[in-house]
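Here is my note on the model you sent, set out as numbered points. Please read each point with the structure open beside it.

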Amino acid sequence: MLRLFAHAQYDFIGLRRWAYGLSALLILPGLVLLLVRGLNYSIEFTGGTFLQVEAARSVSTAQLRAALEGAGIVGSEIQTFGADTVYAIRARIGQTGDASTQSVVEAVGRALDAAVGADAYRIVRTEGVTPKVGGELQEKAIMAILFSFVVTLIYLAARFEWRFGVAAVFATAHDIAATIAFIRYLDLEVSLVVVAAVLTIVGYSLNDTIVIFDRVRENLRKFRRQNLYEILNLSVNETLPRTILTGGTTMMTALALAFIAGEVIRPFSLVMAFGILVGTFSSIYVAAPVLLWIERRWPGQDVRGARAYAGPDFAPGTTSGAVPAPATGGRPKAAV
Amino acid sequence: MKSLRYRMIVIVSLLVLSVLQLLPRRVTQRVFDAQAGRMKDTAVRRVPISLGLDLQGGIHLALEVDESKGPVADCSDAIRRAERVVRTRVDEFGTTEPVVQVVGECRLVVELAGEKDPGRAKQIVQKTAFLEFRITDMKNLFRDALPGIDAELRRAGVRGGQPGAVSAVSQLFSQDTTKQGTADTTAGANAPGALSAVLFQGQLPGEYLVPEEQVSHAESLLARPEVAAGLPRGIELRWGTETESRGARPYRALYALEDRPIITGDELTKAAARRDQVNNHSVVTFDLTRRGSRKFCEATGRHVKDYMAIILDGRVQGQPPIINDQICGTGQIDLQNKPLTEAQDLALVLRAGALPAPLQIVEERAIGPSLGADSVRAGVRAGVFAVALVILVMIAYYRLSGALAVAALAMYVLFTLGGLSMFGFTLTLPGLAGFALSIGMAVDANVLIFERIREELQLGKTVRLAVEEGFKHAMSAIIDSNTTTALTALILYLVGTGPVQGFAITLLTGIFASMLSAVFVTRTFFLVWLQRRPAMVTLSV
């Protein structure tokens, strides 16, 4: 039988300081860059007009820009979009003045008439958003993330206990910061759909963290003598095959979407793929160490699982303590 | 093994339900008929999953009351007036299921799937509402002119019995709708004329009913020059808005009206609905300006006992009420025993005409149908690739158990699509991506279970016990992790808009379907397997 990492005994938690360094290295420059240059928000957030144009033949963006400026739209962003003959034109409010969507569409039409000829192009997508709506959307996205934190904290406090909740939320916040840094590095456009990807990462990261925490909860009851450090290592190692397999399939799906499913969805897929990676990483290297840190800072009976877990319906069972000593041989002997 | 049989029954019925939901069925679509230049109904066979605008192409508009020319006092009432107006107009679009919806307090969202021309859409949506009151054709001038029009049509080569029509015998032109089909033919010769064949006399003078399935045919007839030429002077035809049922058949009302309004929306100042304390009737009261009052007073004085049609943007709203008395200053429309909601709607129509709310577009998206089709193709391709990959990994890694999980995964796909179809959820491009992603996540539950079974086997437990314990111990992780994901998806749905909501819905449906398939279906497969091979010592996991 094919088994990956069957009896893994890696000292994951021992490497946590290296992991902190790695996280800091990834996140901090990204956040600095963010403060300096901000994010590349889509017109959904900034307000303005977006046009996607398919032309029969390729035109240089400089030529298009000249034609647009001739038509009175100055300061628009013009990029090719996936293919050579597909262009994305963004006219942001503020940068291009208060030109209405109607006037931008007309100007682009005139510019394209001049540049490629009247029947040699099609406008396949138009989006026009006023700044007011953009501001509302930004507010909503932040609300959604904060709200999901609160709900998670409450749920985990009820199902596990508050320390687990705090650790999971901390890991999730780490993932969001890392993902934002990633978006900044690649200069991806932050659209509503990318925000949805970030929120899905919140869900995925929590999912992954909880699988490990569930094992921690179980092991805490099973091995009452061991300290948390060992139990965390044991739990991470025991769930490692699942982490690799699930993370792997989901990640491959995200990459398939990124490279097959077309330009429109690409930023979403790239962000998802990165989020899965960082979500898996943070479950091991942020959530678990934070739990350990909280336990050392505020040692309590609860983390030891002394509080009998009451939930007979689908609990691993308080009887699991009766299972004879583990024959897994997977008990790490790492020193603290 | 009663529980096993019960499990199989549940699985099979869920499967049947999902497949039934996904069978292509006939859907009526209103499409633009280029030849006739107007809308017509056609039936199309397609899989009943509604696609979002980003996948089928179309126009999304968000509108607010335009306050650039002075503040508008009550924006929520203004937007409801606008909604009422836009609703009567969306018929002009070639759209299957137009969405006209008030979102939040003061925003109106209009979604027109399949519409290509944003300019036209915006123009029609933003056009100022026009309300008028007109007296119906009390002298039945139109009815008297019908034989002449029919003759003209016949001369132009239009035959009476068009294909698909009801047999000539039932197409009687009767004055009394209660005895439809028995009255005498006034429409001339043996064969009924082309136009009169589709018209039935309604309850009041000037009201005619057209069977719903013949509305588009009637529209094309009315568009012909012969009809315009044959109409009596001073009479115009206007369609009603509602479809009403007489017997088992739905009818659309067509009204013959005087061509001059006795009053227009400008002259109205207020309108409100209430319930009359005395007779418990639903009534709408309205106030008129001084000038309007004078005009209305004079006109209603001449038209006591006549019927007065209320027309918004060229469409007659509800059934024209009778004028009981001369009305000056303040009028009252008595809807008798009709529900109060109908009176409220009529009051809204009057207010919409009185105080047209200028609309400003705050958000617009137009997606070309070709782009949508491209997105569907690319999304499906990525999905197929992802599924193939997952199947490969699962079978290679877990062998026979993996194959069972793949079978459960197939059901997962069916359940999710069936669920989307059943609850009428809309599939968007991010939704499609979410679906592809959730396939990756759907195996997670199975992976958790299989890994647990392996661990239990490692502890030296028997196959039966290991399977039992594996499912039992994996359950808490599966439930806790899926619940948190579902909670975040729910928040996304509540906070998000449009495409993001589509994504959240797909994710939510996917989570439920994956719990069902991974936990219940795979478990059943294992039970069947173990029952067939009770002596199994090694498990292919």
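1. Which residue of β18(B) does A:V129 stand opposite? As this is a predicted model, the answer describes the prediction: A:V129 stands opposite B:E363 in β18(B). The two strands concerned are β5 of chain A, which covers 121–129, and strand β18 of chain B, residues 359–367. They pair in the antiparallel sense, over five bridges.

2. A second place to look along this pairing is A:T126, which stands opposite B:A366 in β18(B). Within chain A, A:T126 in β5(A) also has A:L51 standing opposite, so that this residue can be followed in two directions, towards A:L51 and towards B:A366. Strand β2 of chain A, residues 48–55, is joined to β5(A) by eight bridges, and these two strands run antiparallel.

3. Is β5(A) largely enclosed or largely open? Seven of its nine residues are buried, and β5(A) is therefore largely enclosed by the rest of the structure.

4. Turning to the contact between the chains as a whole, 56 residues of chain A are in contact with 60 residues of chain B. On the side of chain A that touches chain B, at least two residues each come from β5, α5 (131–159), α7, α9 (240–260) and α10 (266–297). The element that gives the most to this side is α9(A), with twelve residues. Sorted by class, the side of chain A that touches chain B has 33 nonpolar, 15 polar and eight charged residues.

5. The largest nonpolar core has 135 residues, and those with the most contacts inside it are A:A168, A:L257, A:V271 and B:L492, which you may like to find one after another. Helix α7 of chain A, residues 192–222, contributes the largest share of this core, 18 residues. A second, separate core has 83 residues, including B:L146, B:Y208, B:I263 and B:A357. As background, nonpolar side chains tend to be buried together in soluble globular proteins.

6. For a closer view of the largest core, take A:A168, one of the residues with the most contacts inside it. Leaving aside residues up to four places away in sequence, A:A168 touches A:T152, A:L156, A:L206, A:T209, A:I210, A:F213 and A:A287.

7. Finally, please check the division of chain A into domains, where the assignment gives domain 1 as 13–38 + 134–322 and domain 2 as 48–129. Taken over C-alpha atoms, the centres of domain 1 of chain A and domain 2 of chain A are separated by 41 Å.

Note on methods. Residues are numbered from 1 along each chain as its sequence is written. Chains are lettered from A and ligands numbered from 1 in the order in which they are written. This is a predicted model: local features need pLDDT of at least 70, side-chain atom pairs count only at pLDDT 80 or more; totals for chains, interfaces and linings use all residues. Domain bounds come from an automatic or database domain assignment. A nonpolar core is a set of buried Ala, Val, Leu, Ile, Met, Phe, Trp, Tyr and Cys residues joined through C-beta atoms within 7 Å. A residue is buried if 20 or more other C-beta atoms lie within 10 Å of its own, exposed if 12 or fewer, and partly exposed in between; C-beta atoms are placed from the backbone. Helices (H or I, at least four residues) and strands (E, at least two) are DSSP runs, numbered from the N terminus. Two residues are in contact if their C-beta atoms, placed from the backbone, lie within 7 Å. Ala, Val, Leu, Ile, Met, Phe, Trp, Tyr, Cys and Pro count as nonpolar, Asp, Glu, Lys and Arg as charged, and the others, Gly among them, as polar. Two strands pair if DSSP finds at least two bridges between them.
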